[in-house]
Amino acid sequence: MQSTPATPLVSADELAARLGDPSLAIVDASWHLPSAGRDAEAEYRTAHIPGAVRLDLDQVADLTSDLPHMLPTPERFARAMEQLGIGRDHEVVVYDTSGVNLSAPRAWWMFRCFGHDRVRVLDGGFRAWAAKTRPIQTGTTRRSPTGYRVPPRDASLVVDRAGIEAILAGTRDAQLADCRAADRFEGRVDEPRPGLARGHIAGAKNLPFATLTDPETGAMHPPPVLRALLAERGLDPARPIVAYCGSGTSACALALAIEVLRAADPAHVGPPVAIYDGSWAEYGRRSAI
């Protein structure tokens, strides 16, 4: 069994050097809002990193929920991994095509929720891979199905509506971080999903997920810049943080950033970020406010 990686990020050069390694599983977890007008599945078939399998966040999810891509049961997750040909002993590298870590961190977080800690995110995503003359693959990649032991779920990485209410009531100590764009946080624009109110959870600090990456390269900012961004928004990485966004996807970019800080200076970083899985898709329902 391989050890947990020292850093949650892997560079395109590092990944290129390991193409074809049987202990490695590469995953394209691209996802886009319907309003973006992009088809992640079609883009994958047009071009993906050689050997990468496609993980659809809307399918590896709790399909009984009326909320978007909620965390699946351990059994459903295990079945999905078996079908993708990913085993418990594989080291997993996840990427997306957004250029801003929109959805790859969600898949990374999901693996960690089920105890699969040997998982990293490709720094800069597909943009970093395509920035140099590296091979790409078309069509659909199939890996041989594997066994995947049904894992327990790490409850410390997930928060539900009751957990949010506990924070607001002061019976749970945690900082709330809203990772949506400022216009959505401040209620200046409508939410992309119908039926949701404008605004944010009381007391939350706004740290848009896209600010965590370099706009020119899509790579995660280095630890000093991440620390400065957190301080600027009034967030202390030494204290517990619960992050949310529109549907629990982009908030995982903050969880990834905190793990980058933990790898760089573990003595000054608190527990892993927990994700409010329902996020604003649940909390912002007009019928529930």
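Select C245 to begin: this cysteine is buried, with a relative accessible area of 1%. The model on display is a predicted one, and every value in this tour is computed from it. From C245, turn to C179, which is likewise buried, at a relative accessible area of 1%. Display the two sulfur atoms and the distance that separates them. The cysteine sulfur closest to that of C245 belongs to C179, at 6.6 Å, which is too far for a bond. A disulfide here requires two cysteine sulfur atoms within 2.5 Å. By this rule the model contains zero disulfides. C179 accordingly takes part in none, the nearest cysteine sulfur being that of C245.

**The sheet of strands 6 to 10**

Next, select strand 7, residues 175–178, together with strand 9, residues 241–244; the two pair in the parallel sense over four bridges. Within this pair, highlight L176, whose bridge partner in strand 9 is V242. Now extend the selection to the whole sheet. Five strands make up this open sheet, in the order 6-10-9-7-8, and their pairing is parallel. At its edges stand strand 6 (158–159) and strand 8 (205–206), each of which pairs on one side only. Add helix 6, residues 161–169, which packs on the sheet and touches strand 6, strand 7, strand 9 and strand 10 (274–276). The direction of helix 6 makes about 120° with that of strand 7.

**Helix 8**

Move to helix 8, residues 223–232, and colour its buried residues, L226, L229 and L230. Viewed around the axis, they cover an arc of only 100°, which puts them on the same side of helix 8. The face turned away from this buried side carries P224, A231 and E232, which are exposed. To see what covers the buried residues, show helix 9 (252–264), which is included in that cover. Just after helix 8, select G234, where phi is positive, at about 75°.

**The sheet of strands 1 to 5**

Now select strands 1 to 5. Which order do the five strands of this open sheet follow? The order is 1-5-4-2-3, and the pairing is parallel. Strand 1 and strand 3 are the edge strands, each pairing on one side only.

Three selections show how strand 5 is placed:

- Strand 1 (residues 9–10) pairs with strand 5 (residues 119–122) in the parallel sense, over two bridges. Select L9 to find V121 of strand 5 standing opposite.
- Strand 4 (residues 91–95) also pairs with strand 5 in the parallel sense, over three bridges. Here V92 has V119 as its bridge partner in strand 5.
- Strand 4, helix 4 and strand 5, shown together, form a right-handed β-α-β unit.

**Helix 3**

Keep helix 4 visible and add helix 3, residues 74–84, in which P74, F77, A78, A80, M81 and L84 are buried. Look down the axis of helix 3: these buried residues fall within an arc of 160°, so they line one face of the helix. They pack against strand 3 (53–54) and helix 4 (104–113). Just after helix 3 comes G85, with a positive phi of about 80°.

**Loop positions**

Go back along the chain to G20, in the loop between helix 1 (12–17) and strand 2 (24–28). Is G20 buried or exposed? G20 counts as exposed, at 73% relative accessibility. Select P50 as well: the C-alpha atoms of G20 and P50 are 8.6 Å from each other, while the two residues are 30 apart along the chain.

The next stop is H69, in the loop between strand 3 and helix 3. H69 is buried, its relative accessible area being 6%. Its backbone merits inspection. Most residues other than glycine have a negative phi. In H69, a residue other than glycine, phi is positive and near 30°.

**The last stop**

Finish at S279, which lies in helix 10, residues 279–283. S279 is not a glycine either, and its phi is a positive value near 50°. With a relative accessible area of 0%, S279 is buried.

Note on methods. Residues are numbered from 1 along each chain as its sequence is written. This is a predicted model: local features need pLDDT of at least 70, side-chain atom pairs count only at pLDDT 80 or more; totals for chains, interfaces and linings use all residues. Side-chain values use heavy atoms; hydrogens and water are left out. Two strands pair if DSSP finds at least two bridges between them. Contact means heavy atoms within 4.5 Å. Axes are lines fitted to C-alpha atoms, for helices over the stretch in contact, and angles run from 0 to 180 degrees between N-to-C directions. Buried means under 20% relative accessible area, exposed over 50%, partly exposed in between (1.4 Å probe, protein chains only). The arc is that of the directions from the helix axis to the C-beta atoms. A crossover is right-handed if, with the strands pointing away from the viewer, the path from the first strand over the helix to the second runs clockwise.
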